[in-house]
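Work through the exercises below with the sequence and the model open. Try each task before reading its solution.

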Amino acid sequence: MDVLDDEVFAVLIALTIIASVVGITQVLRPEATEAFVAIGLLDSECRVGEYPKEVFEGEYVKLCIFLYNHLGRPQLMRVDYKLGSRDTLPTNTSGSPEEVITSFKFLLSHGGNVTKPISALIPTGRGLVGKEVAMIFELWLYDEDLDGWVYSGRWVHLYVNVREAPIP
């Protein structure tokens, strides 16, 4: 009976040691996560839903921008606002060729997010009345090594129809 007790005890000790080693490696191993950033466009109440379909030339459209940083470090971000068409939308490798109307800057810590109300101008004198335009918001990241801004490959857009401003 002593032999069986010694063998059972030895097996239990071996299992305990193996379980401890596996547990310690799970706790101490570096977390393997993919770095990413995110951008979202929300309505004037900072919710998903009631986006404008028609806007007036010369109007400031009230929307909200959502940003999230999961890069493992603090990150300076810039959102460039442009007006374009279906043919001038950004891609995941390059921004839209359209000119920047305005920019919004944000500094986010790792794991940080922000939802910020913004006003985006629909400029006058560009022949936009009667056309469907894309309100484009591109996410750019500041790269300290390059000492400049780098396109993140992330953007959001909203199609609106531009109307002539009403006479006051």
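**Exercise 1.** How much area does the chain expose, and what share of it do carbon and sulfur atoms supply?

Solution. The model is predicted: local features need pLDDT of at least 70, side-chain atom pairs count only at pLDDT 80 or more, and totals for chains, interfaces and linings use all residues. Residues are numbered from 1 along each chain as its sequence is written, and side-chain values use heavy atoms, with hydrogens and water left out. The chain exposes about 10700 Å² (Shrake-Rupley method, 1.4 Å probe). Carbon and sulfur atoms supply 57% of this area.

**Exercise 2.** State the order of the elements along the chain.

Solution. Count the elements: there are one helix and eight strands (DSSP runs; helices H or I, at least four residues; strands E, at least two). From the N terminus on, they run α-β-β-β-β-β-β-β-β.

**Exercise 3.** Describe the surroundings of E57.

Solution. Step one: locate E57, which is in the loop between β2 (54-56) and β3. Step two: list contacts (heavy atoms within 4.5 Å). Leaving aside neighbours within four places in sequence, E57 touches residues including I122, P123, G125 and R126. Step three: check the charge. E57 is buried (under 20% relative accessible area, 1.4 Å probe, protein chains only). E57 has no salt bridge (a side-chain nitrogen of Lys or Arg within 4 Å of a carboxyl oxygen of Asp or Glu). The nearest side chain of opposite charge, R126, is 8.4 Å away. Step four: look for polar atoms. A polar atom of the E57 side chain lies 3.1 Å from the backbone nitrogen of G125.

Methods:
Buried means under 20% relative accessible area, exposed over 50%, partly exposed in between (1.4 Å probe, protein chains only). Lys and Arg count as positive and Asp and Glu as negative; His and the chain ends are not counted. A polar contact is a pair of N or O atoms within 3.5 Å; within protein, one must be able to donate a hydrogen and the other to accept it, and residues adjacent in sequence count only if both atoms are side-chain atoms.
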